[in-house]
Amino acid sequence: MRKPIIAGNWKMYKTNTEARALVNGLKEKTMPAAVEVVLCPPFTALTTVAELLQGTAIGLGAQDLFWEDEGAYTGEVSPLMLKELGCSYVIIGHSERRQYFGETDETVNKKVKAALRHGLKPIICVGESLQQREAGETNAFVAGQVEKALDGLAPESIPQVVIAYEPIWAIGTGRSSSGSDANEVIGLVRQTIAKKFGSSLAEQVRIQYGGSVKPGNIKEFMDQPEIDGALVGGASLKAEDFYGIISY
Ligand SMILES: O=C[C@H](O)COP(=O)(O)O
């Protein structure tokens, strides 16, 4: 049985003062034991949030990392640094990093290996554009992203991996996928993993849906057999909204 995981990707929101207010708002609520909850603040707020999460069951994640442990890579952040701050997860390959910052399937694969090397669980983002969906290319494109992201991984590391299926056309638009459509693509993602690593390991991988998840639609996704959670953007920025999702 896979434990559901719901992560809040704050993207480029929340100064340290705002981060403190958001986390304190969540700490006033009773977290559901049956759901793994993870917060992914900007790098600048990781220390503040890590301190506030001490003693709670809420996990900490980063939104990206570099694949080297250290070096002359101005502006980058290493897995060692994230681990020291208390991160247990790291989002890799988000469509916004692929779109704006040159992230490729190859760099995603390097980052996944670096994360696992340092005991960080990767939340690997995959998903098609509206053009690809309308052209019927979704399955082939998403399967290719999964294959390349996981290329060369040791089988024993596969259960540590989380995949987030985020159709690009649903991100930030208020137009989410349907539960059944998301379930179909996520089933394909799991089949793709099974082809490379066997069905026993594929069944252990938690796969989230992301793209305009709100308190009003989370249950539609969580009722689906293949969907194990959500990667939430906008609705993770207010304690009430995010709690409405994690307490589905
Ligand atoms: O990482 C989160 C996804 O980009 C979804 O963002 P959203 O919930 O604002 O659509």
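**Exercise 1. Find which atom of Gly233 faces the ligand, and look for similar contacts at Gly172 and Lys11.**

Start at Gly233: a backbone N or O atom of this residue lies 2.9 Å from an oxygen atom of the ligand. That fits a polar contact, meaning a pair of N or O atoms within 3.5 Å; within protein, one must be able to donate a hydrogen and the other to accept it, and residues adjacent in sequence count only if both atoms are side-chain atoms.

Next, go to Gly172, where a backbone N or O atom is 2.7 Å from a ligand oxygen. Lys11 uses its side chain instead: an N or O atom there sits 2.8 Å from an oxygen atom of the ligand.

Before going on, keep in mind that this is a predicted model, where local features need pLDDT of at least 70, side-chain atom pairs count only at pLDDT 80 or more, and totals for chains, interfaces and linings use all residues. Numbering runs from 1 along each chain as its sequence is written, and side-chain values use heavy atoms, with hydrogens and water left out.

**Exercise 2. Work out which positions UniProt marks as "binding site", and how far they spread.**

First, the list: the unreviewed UniProt entry places this feature at Asn9, Trp10, Lys11, Gly172, Ser212, Gly233 and Gly234. In sequence they span 226 residues, yet they cluster in space, with a largest C-alpha distance of 13.9 Å. Such annotations may be inferred rather than shown by experiment.

**Exercise 3. Decide whether Asn9 is buried or exposed, then trace its surroundings.**

Step one: Asn9 has a relative accessible area of 5%, so it is buried (under 20%; exposed is over 50%, partly exposed in between, with a 1.4 Å probe and protein chains only).

Step two: leaving out residues up to four places away in sequence, Asn9 touches Cys40, Gln63, Ile91, His94, Leu231, Val232, Gly233 and Ser236. Contact here is heavy atoms within 4.5 Å.

Step three: the Asn9 side chain reaches the backbone nitrogen of Lys11 at 3.0 Å.

**Exercise 4. Do the same for Ser212: buried or exposed, and what does it touch?**

Check accessibility: Ser212 comes in at 10%, so it counts as buried.

Now the neighbours: not counting residues up to four places away in sequence, Ser212 touches Ala170, Gly172, Thr173, Gly174, Arg175, Ser176 and Asn217.

Finally, zoom in on Thr173: its backbone nitrogen lies 3.5 Å from a polar atom of the Ser212 side chain.
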